[in-house]
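Subject: Structure handover

Hello,

Here is the structure for you to take over. Please open it first, then read the notes underneath.

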Amino acid sequence: MMALLLDTRLLLRKVKDLRCLTPRRNRVKEKWAATRTKHPPSSLALQHFDASYSIQLGQLWPSVRAALLSERKYGALLNNFCHDAILADFGALGCRDFISDTDTEGTINSAFFIISAAQSCLEQESEGAAEEESSGVSMKKSDGQRFSPLELSPHIRCLVFPRGDITRFKPARPDMYGLLGYYLMDAASVLPCVALDVKEGHNVLDLCAAPGGKTLALLQTQSIGFLCVNDASVSRTLRLRKVLRSYVPKQLLTDEKLRVTSFDGTKWGEIERNTFDRVLVDVPCTTDRHSLTEYDNNIFSKSRIGERRRLPQLQLELLLAGIVAACPGGEILYSTCTLSQIQNLSVVEQAIYLARENHGIQLQVVDLRPITHMFRKTFHFAPDIHLGEMVIPHLAANFGPIYMCKLRRLT
């Protein structure tokens with residue numbers, strides 16, 4: 001018996017010695033957390049877009065996909081408050097102001113289109129009236145007034161390099177007063193501000209203003225009577241204030257002319273109702289290009305799944321708040337930087353319905369096709385969108401995506 005115990009102890013000692021000599025990595029059971037292929041959020045975003053946008057865009061998706069994964073183009077929004085003469089310098093580099101350099105052929109075609117549409121309107125008036133009565137919203141795109149070319153502000157200017165040229169703009173330098181001469185942004189992001197069509201003395205609300213590019217574009221029109229800029233995020237609002245101080249003179253950053261707030265935008269209809277002539281609702285979205293190319297702050301991170309799923313509801317609540325904040329006769333511009341129909345057309349359709357059912361507000365969709373005609377030699381617009389317009393990325397003009405839809409409040 002004693003001999004058996006001694007043999008057992010010797011055997012256990014040998015096994016223990018053998019384990020000490022065996023590398024630890026060969027002794028530990030394989031762990032999935034360490035060995036599975038890790039998918040960064042940008043890869044998850046691409047998988048999601050391939051599944052949804054290939055169906056939504058069909059044959060357009062491969063070219064849009066290639067553009068989204070390529071280096072984007074920027075525009076330089078000129079700052080009228082800066083005293084440096086920089087336009088000539090950019091002109092020597094081949095840049096042009098896409099806002100003033102509109103497609104004249106497109107304008108002529110647009111005028112012809114207006115006449116043709118007006119004629120077809122008479123033929124379809126009874127059918128359109130029945131459709132409006134059932135839906136509660138005017139979606140006719142044939143009224144002469146709504147098709148008339150926009151009177152663009154002569155003050156807002158945005159420079160772009162020629163088609164196919166991906167030259168980068170140099171960072172702006174401050175003038176003698178410390179103001180920067182231009183703001184770099186996606187040139188397509190200026191279009192919602194142009195489409196908002198701000199007139200002299202208008203009261204304007206920018207409901208989701210940070211980081212501030214569209215706010216600066218609105219200020220460049222030099223037509224706003226009073227501007228309220230808001231963002232729910234305190235940190236983003238601080239960034240917005242910094243941008244404003246870098247581009248706008250101090251005398252214009254007063255409460256009489258400009259107010260910066262950090263409220264929950266979905267509650268704005270409870271704060272100020274029937275107040276603003278123009279409302280810009282540039283909502284948070286999946287930000288498709290950022291989601292495909294950046295790791296930080298990517299909404300496709302696994303920790304943000306719930307936030308991403310709640311986006312359409314948040315967008316709907318923000319748009320409804322903007323509608324309620326607009327005065328009767330006022331106009332609301334809804335915009336995103338995503339291709340998603342769920343975040344674009346579906347949100348607008350639901351907002352139109354809920355505005356009528358819950359608030360008794362009748363809305364009219366304002367046709368933006370004159371925008372596509374005027375700027376079609378700078379941007380590529382998605383065809384066959386029945387509600388709003390959308391800039392889609394293209395390798396020759398790699399701007400966007402930007403979706404925009406304009407609503408006019410009737411009651």
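The notes below go from the whole chain to its strands, then to the cavity and a pocket.

Keep in mind that this is a predicted model.

**Whole chain**

The protein chain has 411 residues, and 47% of them count as buried. It holds 17 helices and 13 strands. Its accessible surface is about 21,400 Å². Carbon and sulfur atoms account for 54% of that area. I also looked at contacts between residues at least 6 apart in sequence. Of these, 78% join residues at least 24 apart.

**An open sheet**

One sheet is open and has 4 strands. Their order is β2-β4-β1-β5, and the pairing is antiparallel. The edges are taken by β2 (96-97) and β5 (182-185). Each has a single partner strand, so one side of each lacks a neighbour in the sheet. For β2, 2 bridges lead to β4 (residues 158-160), and the two strands run antiparallel. One residue pair to check is D97 with its bridge partner L159 in β4.

**A parallel pair**

Strand β6 covers residues 202-206. Is β6 enclosed or open to the outside, and why? Buried here means under 20% relative accessible area. By that cut-off 4 of the 5 residues of β6 are buried, so the strand is largely enclosed by the rest of the structure. Its link to β7 (residues 224-230) consists of 5 bridges, and these two run parallel. H202 has I224 of β7 as its bridge partner.

**The cavity**

How many cavities of 30 Å³ or more are there? The count is 1. The largest cavity holds about 40 Å³ of space. Its lining includes K73, R96, T378 and F399. V160, F161, P162 and R163 also line it, as do A396 and A397. By class, the lining has 6 nonpolar residues, 1 polar and 3 charged. Two of the names recur from the open sheet: R96 lies in the range of β2 (96-97), and V160 lies in that of β4 (residues 158-160).

**The second largest pocket**

This pocket contains about 360 Å³ of space. It is lined by 15 residues. Which of them are closest to its centre? They are D89, F90, K170, P171 and Y182. The lining divides into 8 nonpolar, 2 polar and 5 charged residues. Y182 also falls in the range of the edge strand β5 (182-185).

Over to you.

Best wishes

Definitions and conventions
Residues are numbered from 1 along each chain as its sequence is written. This is a predicted model: local features need pLDDT of at least 70, side-chain atom pairs count only at pLDDT 80 or more; totals for chains, interfaces and linings use all residues. Side-chain values use heavy atoms; hydrogens and water are left out. On a 1 Å grid over the protein atoms alone, a cavity is a set of points where a 1.4 Å probe fits but cannot get out, and a pocket is an open set with protein on both sides within 12 Å along at least five of seven lines; lining residues have an atom within 4 Å of a point. Grid points are joined across faces, edges and corners, and a volume is the space filled by probe spheres set on the points. Ala, Val, Leu, Ile, Met, Phe, Trp, Tyr, Cys and Pro count as nonpolar, Asp, Glu, Lys and Arg as charged, and the others, Gly among them, as polar. Buried means under 20% relative accessible area, exposed over 50%, partly exposed in between (1.4 Å probe, protein chains only). Contact means heavy atoms within 4.5 Å. Accessible areas come from the Shrake-Rupley method with a 1.4 Å probe; for residues, only the protein chains shown count as cover. Two strands pair if DSSP finds at least two bridges between them.
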